Structures are given as C-alpha cells and as structure tokens.
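Student: I should like a close look at one part of this model, the surroundings of the ligand. Please then connect that part to the cores and loops of the chain.

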Amino acid sequence: MEFREQVPLAPYTTFSIGGPARWFADAASEEDVVEAIRFARQRNLPVFILGGGSNLLVSDEGFPGLVLHIAIRGIEKLESIFRVAGGEDWNNFVSHVVDKSYAGIECLAGIPGTVGGTPVQNVGAYGQEVAETIAEVRVLDLSTMHFEDLTPQACGFAYRQSIFNTTARGRYIVTRVDYKLQKNGAPRIAYADLQKHFASTASGPTLAEVSAAVRNIRQQKGMLIVANDPDCRSAGSFFKNPVISAEHYARIVEWHGGEVPHYPAPEGKIKLPAAWLLDQAGFHKGYTLGRAGISSRHTLALINKGQARAADVLALRDRIIAEVEAKFRIRLEPEPVILGLTI
Ligand SMILES: Cc1cc2nc3c(=O)[nH]c(=O)nc-3n(C[C@H](O)[C@H](O)[C@H](O)COP(=O)(O)OP(=O)(O)OC[C@H]3O[C@@H](n4cnc5c(N)ncnc54)[C@H](O)[C@@H]3O)c2cc1C
C-alpha cells in the first residue's frame, strides 16, 4: 500500500477546494484499511476517511494527518440483498439495480459520492432515504480494531443523521453496505416534482423512467455532477432543513403575514425549507460574495464560482447563518463536513 505525501485534496472534492493532505492513501481492501490505521497510529496522526468528497469542504490549509480514501470495489448479489463495497460509486450502483428491476433506491439516482458515504448522513432525496433499504453496515470499529456488522437500528438513522455523523463520529470506517431491494417493486413517486413530471403518463412509470426523471430534474437544478457546469461545483445542499416547534412556526407565520411552506416533523414539530428562509433573508439564486456564491439554479447550493478558497465559502456561510438567525431566530446547520477547521 502506498502512502503519498502532500497530496492536494481539491481534486478529490466536488467543491474543487482544499489544501494538501500531509499523508494520503487509497484503501483497496479491508486489509489496507487496517494497515493504514496502524501507519497513522505509529506516527500519532489524525485520520480522515474520504469517500467521493461530495459532502465535504476542505480548509485551505489542508489536513495535517492521513487522509484514507476508501477505494474498495465490488458488488455481490445474495438473493434480494446487494452487498456493496464502500468505495463503489453510488450513482453507478443505483443504475445497476434499476437495470435489474430492483426497487428501493430509484429516487436516489444522480447523488454523487460512494456507497460507504451513504449511511453517514442517511442520504435522501425525492421521497426516499437509504435508511429504508439498508440491511446491514459493515464497519471497522477503531476503538477495538474489529470488524462488525451493524443493524440499521444500531446505525440510529434520522433525517440526514446517523451515529456516524453524531454520537459515534470518527469511530467507524464503513467498508461495505448491504441493501435489501425489491425485485419488480413499484417506483416511489411521492415527491411533488416527480408527480408533476408523470402527471400526463397514463400507465405508471417504470423504475428506469423514475430514476431518469430524477436525474433530469437534478440536472435542471444544477444538482447533478456535469463536467463544466459551474452550478455543480458544490457539496449539494449546504444547509439542512431546520425543524422547529409549532409555537415558533406560528410566530413566523404571524410575522410573515402569508403562507409559509412547511412539512410535518416527528414529535409535533415543523420542518421548514431552508431555501425559503434564505430567499426571505435576501439570499437568492445567483447571489455572489467574493469567489463564492449561490447556484443560479438552486438556492441551497453554495458554489465555488472559480478559484474560490474555503475561506470564501465560509464567509458566505457565516453571512447567511447570521441574517437568517436575525430574521427568524433559527440557526441554520450546515450539511457538509468541514475538514481542518472548526465549524
Ligand atoms: C451536486 C450534489 C448533489 C447532492 N445531492 C444530495 C442529495 O440529494 N441528498 C443527500 O443526502 N446528499 C446529497 N449530496 C451530498 C453527498 O453527495 C452525499 O452526502 C454523499 O453520500 C457523500 O458521500 P461521499 O462518499 O462523497 O462522502 P465524503 O464527502 O467523502 O465524506 C462525507 C463524510 O462521510 C464520511 N465518510 C465517507 N465515506 C466513509 C466511509 N466509508 N466510512 C466512514 N465515513 C465515511 C467522511 O469522513 C465525511 O465525514 C449532494 C452533493 C452534491 C455535490
């Protein structure tokens, strides 16, 4: 296994931003993962696990430890379970199962990143999230150096959340995910954009038609990685949709004096679209601050407008958080992981 020094991280991220990793290695097997952790421990280095770099903003100074890139490949089929290595490309895996008429992740087409990255923030879009179909997550537990198979319950999935990005952050490395999918199952058409797309279709759309429609809608919004499209030089949605109390929501409705878009959330709470809050606070599509900005097609995507540094994106992040908080008493939470800086 090769350990390289001073490797620029920007090319490994969809933001195309970030300084060098002091050490960098590709892990092509579970044995490589163990070897890399030993390498880091012998040198007292912090370790960062890198997938597709699509939910990541790397600091301009880079990372002073070992960046371990999960490059384990392979898809195995065990009846209705697809056993997928952590380094497989997620979007390719979705195409693979849709081609074989398996339902359960068709609405998650076009999301960049690796399979190993999907349980971390319980990836979701267009009415589906991976928590619904994950059967097991294989991990290396860094506290014991043993491999374990975690049940979905043990992963603690919630909206954009799991133990991997909350209570057990930094403890596990995901080497494999088992997905339980339904052969010839019906596609999910729960989301308004998709219902609109298929409104004039007499017979129900196929899985392939639904995933193609999702990719199409994503591309229109600049949320599909397309070469030379500046609107996708991002980490996707930069802010989570905030969940607030019913009383807080009532105060916002009263203040706004009109309809406020919202969705029900667990425990009688209300989820607000972060994009609406940004718009109301004056951050519209195409907004620019220095070399960072907001996508011209999606209010929630902060983008690198060309040669941006992490500092440019963070300045925009801070301005948005401050304005939204001043107006609505809601502190927006960023979705991407920020490496090398405190949030
Ligand atoms: C254009 C665009 C659109 C997007 N749309 C969506 C969307 O619709 N829905 C959505 O949920 N997300 C979306 N995202 C965000 C992103 O694609 C997902 O969060 C994705 O799952 C991140 O996976 P990754 O492999 O790129 O992880 P990375 O960005 O490499 O890492 C993210 C975090 O996961 C950890 N991690 C990654 N792999 C592993 C592993 N094997 N073991 C342990 N920890 C690991 C990293 O340490 C880091 O903390 C979008 C991003 C972009 C750029």
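Tutor: What follows begins with the ligand and then turns to the nonpolar cores and to several loops.

The coordinates belong to a predicted model. In it, 32 residues surround the ligand, and the closest are Ile 49, Ser 54, Thr 114, Gly 124 and Arg 218. Two of these closest residues also appear among the polar approaches to ligand oxygen atoms. From Arg 218, an N or O atom of the side chain lies 2.4 Å from an oxygen atom of the ligand. Ile 49 takes part through its backbone, where a polar atom is 2.6 Å from a ligand oxygen. The side chain of Gln 121 places an N or O atom 2.8 Å from an oxygen atom of the ligand. On its own the ligand has 980 Å² of accessible area, and the protein covers 93% of it. Strand E3 (47-50), strand E9 (124-125) and strand E13 (172-180) are the elements that give two or more residues to this shell. Sorted by class, the shell holds 16 nonpolar, 14 polar and two charged residues.

Strand E13 leads from the ligand to the interior. Nonpolar side chains tend to be buried together in soluble globular proteins. The largest nonpolar core here has 40 residues, of which Trp 90, Phe 93, Ile 105, Tyr 179 and Leu 194 touch the most other members. At least two residues of this core come from each of strand E7 (81-85), helix H2 (90-99), strand E8 (102-103), strand E11 (134-141), E13 and helix H5 (207-220). E13 thus serves both settings, as it contributes to the ligand shell and to the core. The contacts of Tyr 179, neighbours within four places in sequence left aside, include Trp 90, Phe 93 and Ile 105, three residues that are also listed with Tyr 179 for touching the most other core members. Further contacts of Tyr 179 include Ser 80, Ile 81, Phe 82, Val 115, Thr 118 and Val 130. Thr 133, Ile 134 and Ala 135 are likewise in contact with Tyr 179. Another core lies apart from the largest one; it has 35 residues, among them Phe 283, Val 313, Ile 320 and Phe 328.

The loops can be taken in turn, starting with the one between strand E1 (4-8) and strand E2 (20-27), where Thr 13 is found. Thr 13 counts as buried because its relative accessibility is 7%, under the 20% limit for that class. A polar atom of the Thr 13 side chain lies 3.0 Å from the backbone nitrogen of Ser 16, and the side chain of Thr 13 also reaches the backbone nitrogen of Ile 17, at 3.3 Å. Beyond four places in sequence, Thr 13 touches Gly 53, Leu 56 and Val 58. Ser 16, in the same loop between E1 and E2, has a relative accessible area of 37% and is therefore partly exposed. Most residues other than glycine have a negative phi. Ser 16, in contrast, has a positive phi, near 55°.

A positive phi is found again at Gln 307, where the value is about 60° although the residue is not a glycine. Gln 307 belongs to the loop between strand E20 (302-304) and helix H8 (310-328), and it is exposed because its relative accessible area is 68%. E20 also bounds the loop that holds Ser 295, which begins after strand E19 (292-294). With 0% relative accessibility, Ser 295 is classed as buried. A polar atom of its side chain lies 2.9 Å from the backbone nitrogen of Arg 297. Neighbours within four places in sequence aside, Ser 295 is in contact with Lys 221, Asp 231, Lys 285, Gly 286, Ala 301 and Ile 303.

Two further loop residues can be placed by distances to residues remote in sequence. Ala 28 sits in the loop between E2 and helix H1 (30-42). The C-alpha atoms of Ala 28 and Arg 176 are separated by 12 Å, with their positions 148 residues apart along the chain. Its contacts, apart from neighbours within four places, are Ala 71 and Ile 72. Gly 127 lies in the loop between E9 and strand E10 (128-129) and is partly exposed, at 34% relative accessibility. The C-alpha atoms of Gly 127 and Thr 175, 48 residues apart along the chain, are separated by 26 Å. Gly 127 touches Glu 132, Arg 188 and Tyr 191, residues up to four places away not being counted.

Methods. Residues numbered from 1 in each chain as written. Predicted model: local features only at pLDDT ≥ 70, side-chain atom pairs only at ≥ 80, totals over all residues. Heavy atoms only, no water. Near = heavy atom within 4 Å. Polar contact = N/O pair within 3.5 Å; in protein donor to acceptor, adjacent residues only side chain to side chain. Areas by Shrake-Rupley, 256 points an atom, 1.4 Å probe, with all protein chains shown as cover. Helix = DSSP H or I, 4+ residues; strand = E, 2+ residues; numbered from the N terminus. Nonpolar A, V, L, I, M, F, W, Y, C, P; charged D, E, K, R; others polar. Core = buried A, V, L, I, M, F, W, Y, C linked by side-chain atoms within 4.5 Å. Buried < 20%, exposed > 50% of the residue type's maximum accessible area, 1.4 Å probe, protein only. Contact = heavy atoms within 4.5 Å.
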